[in-house]
Amino acid sequence: MLHPDQSSAARRISDLRRDQPGDPTLQSLLALLSAKLELCARLPILEYEAKSQGHETCVRAFRRLAEVERESFNEMLVCLRRHLDETSSAASTCVAAKGE
């Protein structure tokens, strides 16, 4: 299930995508994070459905996949943060150099 902060995270992702259209790496990171966010929201539903139908092997698989996806989502968030820090730092350097 989506947590309240996940839906606001999705809005922030779309804001970043709109604000930085010329950065293909950023666009790739945001697209991947959006897809992972949707998958992370969907997996508990799939787990519940499998459980209600008595498919315990699938329940365990969905649960493991949800854990792996959350970990990889968090890794991609770290990557996004670094990318944003690096690009904003480079942009600040360019602006400072133009002002000299």
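Biologist: What relative accessible area does R81 have?

Modeller: This is a predicted model, and the values are computed from it. R81 counts as partly exposed because its area falls between the 20% limit for buried and the 50% limit for exposed. The relative accessible area of R81 is 46%.

Biologist: What order of elements does the chain follow?

Modeller: There are zero strands in the chain, and three helices. Read along the sequence, the pattern is therefore made of helices. It runs α-α-α.

Biologist: What share of the 100 residues in the chain is buried?

Modeller: A residue is counted as buried when its relative accessible area is under 20%. By that cut-off, the buried part of the 100 residues is 27%.

Biologist: What percentage of contacts between residues at least 6 apart in sequence join residues at least 24 apart?

Modeller: A contact here means heavy atoms within 4.5 Å. Among the contacts in the chain between residues at least 6 apart, the share joining residues at least 24 apart is 57%.

Biologist: How far does helix α2 reach from its first C-alpha to its last?

Modeller: Helix α2 covers residues 24-52, which is 29 residues. At 1.5 Å a residue the expected span is 42 Å, and the span in the model is close to that. From the first C-alpha to the last, helix α2 reaches 42 Å.

Biologist: At which residue does α2 bend?

Modeller: The bend is about 25 degrees, and a proline, P44, follows within four residues of it. The residue at the bend lies in helix α2 and is partly exposed, at 38% relative accessibility. Its C-alpha is 9.1 Å from that of A66, although the two are 24 residues apart in sequence. The bend is at R42.

Biologist: How far apart are the C-alpha atoms of I45 and F62?

Modeller: I45 is found in helix α2 and is partly exposed, at 39% relative accessibility. Along the chain, 17 residues separate I45 from F62. In space, their C-alpha atoms are separated by 9.3 Å.

Biologist: Which residue's backbone nitrogen does the side chain of D23 reach at 3.1 Å?

Modeller: D23 sits in the loop between α1 (4-19) and α2. At the start of α2, a side-chain oxygen of D23 comes to within 3.2 Å of the backbone nitrogen of T25. The side chain of D23 also reaches a backbone nitrogen at 3.1 Å, that of L26.

Biologist: What is the nearest side chain of opposite charge to D23?

Modeller: D23 is buried, yet it has no salt bridge. Leaving aside neighbours within four places in sequence, D23 is in contact with H83 and T87. A salt bridge needs the nitrogen and oxygen within 4 Å. The nearest side chain of opposite charge to D23 is 11 Å away, and it belongs to R81.

Biologist: With which residue does R81 meet in a salt bridge?

Modeller: The N to O distance in this pair is 3.1 Å. The two residues are four apart in helix α3, so about one helical turn separates them. The partner of R81 is partly exposed, at 39% relative accessibility. That partner is D85.

Biologist: Which residue forms a salt bridge with E47?

Modeller: E47 lies in helix α2 and counts as buried, at 18% relative accessibility. Not counting residues up to four places away in sequence, E47 touches V59, F62 and R63. In the salt bridge, the closest N and O atoms are 2.8 Å apart, and the partner of E47 is R63.

Biologist: How many residues apart are K36 and E69?

Modeller: The side chains of K36 and E69 meet in a salt bridge, at 2.7 Å from N to O. K36 is in helix α2 and E69 in helix α3 (residues 56-99), so the pair links distant parts of the chain. K36 counts as buried at 14% relative accessibility, and E69 is buried too, at 11%. Along the chain, K36 and E69 are apart by 33 residues.

Biologist: How many salt bridges does the structure hold?

Modeller: Side chains of opposite charge can pair when their charged atoms come close. Among the pairs here are K36 with E69 and R63 with E47. The number of salt bridges in the structure is three.

Terms used. Residues numbered from 1 in each chain as written. Predicted model: local features only at pLDDT ≥ 70, side-chain atom pairs only at ≥ 80, totals over all residues. Heavy atoms only, no water. Expected span 1.5 Å × (residues − 1). Bend = angle between axes of the 7 residues up to and from the residue. Polar contact = N/O pair within 3.5 Å; in protein donor to acceptor, adjacent residues only side chain to side chain. Buried < 20%, exposed > 50% of the residue type's maximum accessible area, 1.4 Å probe, protein only. Lys, Arg positive; Asp, Glu negative; His and termini not counted.
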